[in-house]
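Before reading on, please take a moment to look over the sequence and the fold together. The paragraphs that follow go through some pairs of helices and then turn to a pocket.

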Amino acid sequence: MEMRDGEALVAALRGSGSVFAEQELAELQRAADESDVLEAIEMFVERRTLGEPIEHIVGSARFAELRIIVHPWVFVPRRRTELVATIVADRLGELAGANGTPRLLDFGCGSGAIAALATHRVPGIEVVAVDAEPNAVACARVNLPAALVVHASGPDALDDHRASEPFDVVAANLPYVPTAELALMPHEARTFEPQLALDGGRDGLDPLRAHAPAIVQRLRVGGIAVTEVAPHQVAAASAILTGVGFASVAARTDERIGATALVATR
C-alpha cells in the first residue's frame with residue numbers, strides 16, 4: 001500500500017465531510033501508533049471517510065476529563081451529556097459525607113459514561129447500570145468494573161438484590177429524537193449506532209413516558225432523576241415527570257455545550 005502524507009490524509013478526511021480533519025487525523029494517528037501497525041493510519045482514515053465514527057475506530061471517546069472505552073455498535077457519548085453527568089456527580093458528592101453509601105442507577109447507560117464520571121469524581125458510590133443493548137452492556141462492564149451492569153429493558157426489570165434498595169440518584173439518558181427526524185441525523189449515527197439508542201418515538205418522549213413510572217419508584221424520597229431533553233421538550237417532559245409522582249422538576253442548561261437537562265425530585 002502506498003502511504004499518503006499527512007496533507008493528503010487531511011484532504012481525504014475533509015473531502016468526506018470532516019469539519020475537524022486535522023484533529024481527527026491526530027486521533028487516528030495516536031491509535032495507529034499504539035497499535036504499532038504501519039499501515040493502520042491508512043486503514044483508519046479509509047474507515048473514517050466511509051462514515052464510521054472516529055470513536056469506534058480509535059476505541060474511545062473523550063467525556064469531560066475521562067476517556068471512555070466505546071465498542072463498535074455502541075452509542076457514542078456526546079459532549080452535551082456532560083451536563084447530566086455533572087449534575088449527577090454533584091448530587092452524589094453532596095451525599096457522600098452523610099450516613100450510608102450514595103447509590104446511583106444509570107438507566108440507559110450505553111457505554112457507562114455518566115456513571116464512570118460519577119465514580120471518578122465521587123469514589124466509593126454504589127452503581128447499578130442498565131441497558132437493553134447487549135453490546136452496550138458489554139462495553140459498560142469494561143468502563144464500570146466495580147458496578148453491577150445489567151442487561152434489562154427497564155428499571156422495573158431489575159431483580160438482583162443489589163438493585164432492590166432505593167437509589168439516591170437516577171441518570172436516565174433516554175433517546176429523545178422523534179422518529180421522523182432520525183433521517184436528519186448524521187450518517188455516522190444512523191449507520192453505526194443502535195436505533196434503540198436514538199429513536200424517541202412520535203414526539204421524542206415515548207421512552208420517558210414508558211419508563212418514568214418505574215424510575216420514580218426506584219428513588220428514595222428526596223432523590224433525584226436527571227434526564228436530557230431538547231429545549232422545546234422541557235414543558236412536555238416536565239409534565240410527564242410530575243404526572244407520575246415527582247414533586248418538582250427544574251430545567252438546567254449549559255449553552256457552551258448545547259445541553260438541556262431536567263432534574264426531577266421525588
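To speak of an angle between two helices, one needs an axis for each, and here an axis is a line fitted to C-alpha atoms over the stretch in contact, with the angle taken between the N-to-C directions. The model being described is a predicted one, and a convenient place to begin is helix α1, which spans residues 6-15, together with helix α3, which spans residues 40-49. These two helices pack at an angle of about 15 degrees, and their axes lie 9 Å apart. Because angles under 35 degrees count as roughly parallel, α1 is described as roughly parallel to α3. The crossing in which α1 passes α3 is left-handed. On the side of α1, the residues that take part are L9, A12 and L13, and they meet I41, E42, V45, R48 and T49 in α3. Sorted by class, the residues of this contact are five nonpolar, one polar and two charged.

A second pair is formed by helix α5, residues 82-95, and helix α6, residues 113-121, which pack at an angle of about 35 degrees with their axes 9 Å apart. Here α5 passes α6 in a right-handed crossing. The contact is made by V84, A85, T86, V88, A89 and L92 from α5, and by I114, L117, A118 and R121 from α6. Eight of these contact residues are nonpolar, while one is polar and one is charged.

Further along the chain come helix α9, covering residues 206-218, and helix α10, covering residues 234-243, whose axes are 9 Å apart and which pack at an angle of about 25 degrees. The two are therefore roughly parallel to each other, and their crossing is right-handed. L208, R209 and A212 of α9 make the contact with A237, I240 and L241 of α10. This contact holds five nonpolar residues and one charged residue, with no polar ones.

From helices in contact we can turn to empty space. Rolling a probe the size of a water molecule over the atoms shows where such space is left. Which residues are the closest to the centre of the second largest pocket? This pocket has a volume of about 200 Å³, and of the 14 residues that line the pocket, the closest to its centre are T119, I125, V127, A146 and A147. Strand β4, made of residues 126-131, gives the most to the lining, with three residues. By class, the lining of this pocket has nine nonpolar, three polar and two charged residues.

Methods. Residues numbered from 1 in each chain as written. Predicted model: local features only at pLDDT ≥ 70, side-chain atom pairs only at ≥ 80, totals over all residues. Heavy atoms only, no water. 1 Å grid on protein atoms, 1.4 Å probe; cavity = no way out; pocket = protein on both sides within 12 Å on 5 of 7 lines; lining within 4 Å. Points joined across faces, edges and corners; volume = space filled by probe spheres on them. Helix = DSSP H or I, 4+ residues; strand = E, 2+ residues; numbered from the N terminus. Nonpolar A, V, L, I, M, F, W, Y, C, P; charged D, E, K, R; others polar. Axes fitted to C-alpha atoms, helices over the stretch in contact; angles between N-to-C directions. Parallel < 35°, antiparallel > 145°, perpendicular 65-115°, else oblique. Left-handed = near helix turned anticlockwise from the far one by under 90°. Contact = heavy atoms within 4.5 Å.
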